[in-house]
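Student: Please take a close look at one part of this model for me. I would like the surroundings of the ligand, set against the domains.

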Amino acid sequence: MSATIIDGKAFAATVRAQVADHVARLKADHGLTPGLAVVLVGEDPASEVYVRSKGKQTTEVGMNSTEHKLPADTAEADLLALIAQLNADPAVNGILVQLPLPDHLDSDLVINSIDPAKDVDGFHISNVGLLGTGQKSMVPCTPLGCLMMLRAQLGSLSGLNAVVVGRSNIVGKPMAQLLLGDSCTVTIAHSRTKDLAEVCRGADILVAAVGRPEMIPGDWIKPGATVVDVGINRIERDGKKTLVGDVAFASAAAVAGAITPVPGGVGPMTIACLLANTLTATCRANG
Ligand code: GUN
């Protein structure tokens with residue numbers, strides 16, 4: 001068997017086109033332009049790349065993008081003051097504070113100071129609670145992108161066994177909530193799970209979000225399963241820097257029914273969903 005490759009890049013382009021269309025209509029009919037503010041503290045090179053990419057894609061769909069770059073030694077009070085200013089600004093519909101923050105800053109405190117209605121990451125404790133109780137919330141972008149690809153690939157997910165490998169607040173936990181919301185039977189597995197291989201072999205849907213290069217080989221995958229690989233790991237192979245996922249792609253693709261590649265799978269969907277969330281926040285704020 002050879003798996004269908006789920007083209008996240010093409011899917012993300014479709015989502016962005018839909019968002020751009022909606023943004024154009026908001027402008028024409030209501031004179032509204034959604035605005036996304038991104039806050040970056042420090043000079044982490046990977047974060048700088050993400051933030052640049054977010055800004056570029058935000059303006060490409062017709063939204064306003066503002067970037068707030070603060071030095072690595074920014075005092076917590078100054079960061080909280082900036083967030084308070086963005087919370088109060090009606091031109092700002094979405095606020096994203098790029099993580100990780102430098103160690104001296106309390107990430108939970110900072111995230112929970114964002115107006116939940118502008119929390120386009122869906123990380124605020126109110127949004128976490130709303131998602132966990134099946135209420136309308138802002139949904140974290142990466143799991144939302146995974147869910148959209150799974151629904152497009154499989155139609156109804158009802159009754160399927162879903163295994164999420166990874167228990168982070170950003171991906172694993174919200175992913176499990178979303179799959180439960182779509183009536184999957186959900187297992188959250190992680191590095192301490194006993195006989196992880198056997199747990200994975202029971203999965204009709206396998207979401208890998210552990211951050212360990214190629215940890216999941218093909219013989220952990222049920223024939224015909226749908227595999228979503230959230231991992232983006234930079235490794236060196238044959239003296240060359242390369243990107244790999246948490247799943248060993250070649251062996252997995254020989255067994256799975258469908259699989260997301262790395263790069264070009266989940267990654268592009270994350271920013272597309274950020275734009276979709278900013279649009280949602282704008283629409284909710286304006287009735
Ligand atoms: N750093 C890595 N992924 C993310 C994300 O989805 N949102 C934010 N704010 N920071 C991140």
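Tutor: Start with the domains, keeping in mind that the model is predicted. The C-alpha centres of domain 1 and domain 2 lie 28 Å apart. The domain assignment puts domain 1 at residues 32–118 and domain 2 at residues 141–268.

Now the ligand. Both domains contribute to its shell: domain 1 and domain 2 each give at least three residues. The residues around the ligand are L96, V97, Q98, L99, D121, C141, T142 and I170. Two elements stand out here. Strand β4 (94–97) supplies at least two shell residues, and so does helix α6 (141–154). By class, the shell has 5 nonpolar, 2 polar and 1 charged residues.

One helix pair completes the picture. Helix α1 spans residues 8–30 and helix α10 spans residues 266–285. Their axes come within 8 Å and cross at roughly 20°. An angle under 35 degrees counts as roughly parallel, so α1 is roughly parallel to α10. The crossing of α1 past α10 is left-handed. On the α1 side, the contact includes F11, A12, V15, V19, V23 and L26. On the α10 side, it includes V266, M269, A272, L275, A276 and L279. K9 and R16 of α1 also take part, as does T282 of α10. By class, this contact has 13 nonpolar, 4 polar and 2 charged residues.

How values were computed. Residues are numbered from 1 along each chain as its sequence is written. This is a predicted model: local features need pLDDT of at least 70, side-chain atom pairs count only at pLDDT 80 or more; totals for chains, interfaces and linings use all residues. Axes are lines fitted to C-alpha atoms, for helices over the stretch in contact, and angles run from 0 to 180 degrees between N-to-C directions. Helices (H or I, at least four residues) and strands (E, at least two) are DSSP runs, numbered from the N terminus. Angles under 35 degrees count as roughly parallel, over 145 as roughly antiparallel, 65 to 115 as roughly perpendicular and the rest as oblique. A crossing is left-handed if the near helix is turned anticlockwise from the far one by less than a right angle, and right-handed if clockwise. Two residues are in contact if their C-beta atoms, placed from the backbone, lie within 7 Å. Ala, Val, Leu, Ile, Met, Phe, Trp, Tyr, Cys and Pro count as nonpolar, Asp, Glu, Lys and Arg as charged, and the others, Gly among them, as polar. A residue is near a molecule or strand if its C-beta atom, placed from the backbone, lies within 6 Å of it. Domain bounds come from an automatic or database domain assignment.
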